[in-house]
Structures are given as C-alpha cells and as structure tokens.
Amino acid sequence: VAEWLAPLHAAPLKQLIAEAIAHNHNLQHVALNWQNAKQQTILAGTPLRPTLEGGVRSQRSQTLSNSKSATLTSQHGVTVTAQWEIDLWQRLSDQQRAAHSREQASATDLQAARLSLAATVARRWFSAIESKQKIKLSHQRLARYSQALEVIEVRYRSGLTDALDLHVARSEVSLSKENLLSQQMNQQQQLRELELLLGRYPAAEITVGESLPTINQPIPVGLPSELLERRPDIIASRTRWQAAALDREVAAKRRLPSFSLSAQAGTSSNHLRDLLDWDNLVWSLLGNLAQPLFQQEQLEAEELIQATAQQQAAIAYLESVLQAFREVENGLTADHFQQQRLHALADAADEASKAATLALSRYQNGLIDALTLLDTQQRAFDRESAHIQAMADHIDNRILLHLSLG
C-alpha cells in the first residue's frame, strides 16, 4: 500500500486502510467465504482415505414356548468396520484438486477485496477533501457576493443604479448560501461513507486533510503481460477455469467402474465377560466392483453440463483479461488528458480571478453594470470549482489505475 500511496502525499491513509481491512464487514464476509472453501477442500479429500467405524451392541430377547415358559437370551458384540474406495481412475484425486483450486480462487478473491477496499478508502478520503475545499470556496463565494451587494446597495442609495441590480445581487447572495449548505451536506455524506468503510459508526466526525495533492510522479507501468500475474481477479478467474476442467474430468470418470474394499471384524458372545475373548472373533473381507449400467444417460448429461461450465469459465477468464487491459488503457489515456486539463483549468481559474477583481473595481467606478460584475464573479468561482474537480478526478483516476495494475 505504501508504494502507491506515496505519490498521493496522504500519510494518514495507510493507517485508515489498515483499520478498514481489520474491521470492514464486507471484507469479513469474503474472508468467511474463504474459510468455507478451505473446509470444502478438507471434505473433498476424505473419500481418498479409508473410513473406520467401531460399534458395541447388546441385545436381550425373550421367547415364549407352548408351555408358556419364557426363555431369556442375551447377545453382546463388538465390531470394527473399515471401508476404502480405491482411486483407480484418479476421480477422487481430481475432486480434491478441483476443491483446492476453488479454495485458491477464494483466497485470491479475498486479496482482490482487500485491494479494492484500500482503493475505495483512498477514493472516499480524497472525495471528502474535495468537498472540504469546495466548502471553503463556497465561503469565499458568499463573502465576494456579499461584498458586491454592499457596493450595489451604496450605489442604489446614491441613485447611481436601479432596483434591478439590487434584486439580482440579493438573489446571488441567497444562491451562494444555498450552495454552501449543499456542499456542507455533501461533505457529511462523504465522511459517513468513509466511516462505514472503516467499520465505525457513521457520525461524520472523522477528520480529513485540508487540500488535494498535486501528482507529479510518472506511472510505474510494467509489461502488459505482467497483469496476468498481478491482478487477483484474473488469477481467480484462471483458477476457477482450472477447477471447472477438473470437474469435467470427474464427471467423465463417474461412467467408469469403481472398486472398493470393506472389512469387518468383531466378537460376539452371550456373556459380557467373554466379549473380548478372541476365540469369539469373527471377521470378513469384501471386494466390490461396481459399474453403472442404467445411469449412463444421466451421467453423460452431467458430463455435458460440466463441459459447458468449463467453456463458460474459459470465456469468463478471457473477459477478465480483456477487461483488465481495457481498464489499464483507459486509465493511462485519462491520466494523460487529465494532466493537460489541470494545467488549462489552473490558467483559466487564475485569469477568471483576476477578471473578477478588475470587474469589482470597474463597477465601483461606474464603468460596467452590475450584471457584468456578477457574471464575472460567477465565472471565477465556476473555474475554480472546475479546477478542484479536475484535481479530484486526476487523483481518483490514478487510484483506479493502480488498482487495475494489480
């Protein structure tokens, strides 16, 4: 995390990302999915090992004869049963490998979720800073319009302008107040979204930075093929494709014969004291060869279903690869143009600010009307707001670009 955060000059973000990874509820849900996948791998490996069961039984029965006399008999026994299916065609091994592949894909999903969460926390952090800067700009706008209103009121009382200018100026002051309130409400929402990501109560009390950083460092882009090894979503998609191929092999091998061994040993006695007497030992060994006969149509359909699932997994893998390349290409292109936009908007904001200052001076000297003054000030604030937005867009795109690069 520290590597891609360095150009963003946001030291507190590292700690916030660590907090989010520790407490984010959605991430905990993904982690539980991984734990389930690990247990599924364990379950898939159990058929490869023999099963052993032990039991103790005790029976007492009564028989009535024709003379109505009763005969009581007791029977006690101890049995141990072992069963084992021999993995002739590696079907059971393929089942275990498929489950292990899905476990690896789930683990990679967890890694991808952590990266996505880190990027989302960073984006929400800078969105809150952007909102904070726009609030500051809205305060400046309200102060500037209030100053213009005072000048217009002086000229109105002096009979140098009419009521139209006065009403328009008052309208702009009221609109500036509304803009400030809207920005303050937006910041509250941004802060609550950030706190939710951190697992905190959404009280909008978290403190963010004062200004957006300027990014000057180039993008550390490697070879495009490296994406196939770095991107967790691509790795997970490829692993699921491998699991689907193994599932198809398992479905095909279910049509082949299976061979299993079962053994049983135990003792049986009429008296409990003789239960462990080895003279009463009874044992058996059975080999079982089974071949599906009337289920071939069903098994063939299951194999075709798994073959279709394998093709779908392959298509999903190719789509994820192309999607990754598209995201990187779009991110690189956007970064290039956004840098140029930033320079252009910075110049536009600077020139508009100078024009607004000059317009106020000219209005005080009666050289321009109030509408021209207010329009010039409006342009200045619009240009500055667009410049702040462009800085936020550049940072947001850079974060998404790092995410797309894995």
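**Exercise 1. Two faces of a helix**

Task: In this predicted model, find which exposed residues sit on the face of α2 turned away from its buried side, then work out how the buried residues of α2 are arranged.

Solution:
- Step 1. Start with the outward side: A11, K14 and Q15 are the exposed residues on the face of α2 turned away from its buried side.
- Step 2. Now list the buried residues. Helix α2 covers residues 11-23, and L13, L16, I17, E19 and A20 are buried there.
- Step 3. Look down the axis of α2: the buried residues fall within an arc of 160°, so they line one face of the helix.
- Step 4. A general rule helps here: an α-helix has 3.6 residues a turn, so residues three or four places apart point the same way.

**Exercise 2. A pair of rings**

Task: Describe how the rings of Y145 and F381 are placed, and say whether each residue is buried or exposed.

Solution:
- Step 1. Searching the whole structure gives 2 aromatic pairs.
- Step 2. For Y145 and F381, the ring centres are 6.1 Å apart and the planes meet at 40°, so this pair is tilted.
- Step 3. Place the partners: Y145 belongs to helix α4 (residues 91-157) and F381 to helix α9 (residues 370-404), so the pair ties together parts 236 residues apart in sequence.
- Step 4. Check the burial, for which the cut-off is under 20% relative accessible area. Y145 has a value of 1%, so Y145 is buried. F381 has 8% relative accessibility, so F381 is buried too.

**Exercise 3. Charges over rings**

Task: Which ring lies under the charged end of K38, and which ring has R155 over its face?

Solution:
- Step 1. Go to W34: the charged end of K38 sits over its ring, 4.7 Å from the centre.
- Step 2. Move on to Y363, where R155 lies over the face at 4.9 Å from the ring centre.

**Exercise 4. Following the salt bridges**

Task: Take the salt bridges of D247 with R102, E153 with R170 and E303 with R255, and find where the partners lie.

Solution:
- Step 1. The model has 16 salt bridges in total.
- Step 2. D247 and R102 meet at 2.7 Å, N to O. D247 is in helix α7 (residues 232-253) and R102 in helix α4, so this bridge ties together parts 145 residues apart in sequence. R102 has 36% relative accessibility, so R102 counts as partly exposed.
- Step 3. Between E153 and R170, the closest N and O atoms are 3.9 Å apart. E153 is in helix α4 and R170 in helix α5 (residues 163-197), 17 residues apart. E153 is partly exposed at 22%, and R170 is partly exposed at 39%.
- Step 4. For E303 and R255, the closest N and O atoms are 3.0 Å apart. E303 lies in helix α8 (residues 296-364) and R255 in the loop between α7 and β3 (258-269), so parts 48 residues apart in sequence are tied together. E303 is buried at 19%, while R255 is partly exposed at 28%.
- Step 5. Finish with a network of salt bridges, which links D94, R97 and K253.

**Exercise 5. A nonpolar patch**

Task: Which residues form a nonpolar patch on the surface together with L88, and where does L88 lie?

Solution:
- Step 1. The partners of L88 are W89 and L256, and the patch has about 270 Å² of accessible area together.
- Step 2. L88 is found in the loop between β2 (70-86) and α4.
- Step 3. With 44% relative accessibility, L88 counts as partly exposed.

Methods. Residues are numbered from 1 along each chain as its sequence is written. This is a predicted model: local features need pLDDT of at least 70, side-chain atom pairs count only at pLDDT 80 or more; totals for chains, interfaces and linings use all residues. Side-chain values use heavy atoms; hydrogens and water are left out. Rings of Phe, Tyr and Trp (its six-membered ring) pair if their centres lie within 6.5 Å; planes under 30 degrees apart count as stacked, over 60 as edge-to-face and the rest as tilted. Helices (H or I, at least four residues) and strands (E, at least two) are DSSP runs, numbered from the N terminus. Buried means under 20% relative accessible area, exposed over 50%, partly exposed in between (1.4 Å probe, protein chains only). A charge sits over a ring if NZ of Lys or CZ of Arg is within 6 Å of the ring centre and within 35 degrees of the ring normal. A salt bridge is a side-chain nitrogen of Lys or Arg within 4 Å of a carboxyl oxygen of Asp or Glu. Patches are made of residues with over 30% relative accessible area and no salt bridge: like charges are joined within 9 Å, nonpolar side chains (Val, Leu, Ile, Met, Phe, Trp, Tyr) within 5 Å. Accessible areas come from the Shrake-Rupley method with a 1.4 Å probe; for residues, only the protein chains shown count as cover. The arc is that of the directions from the helix axis to the C-beta atoms.
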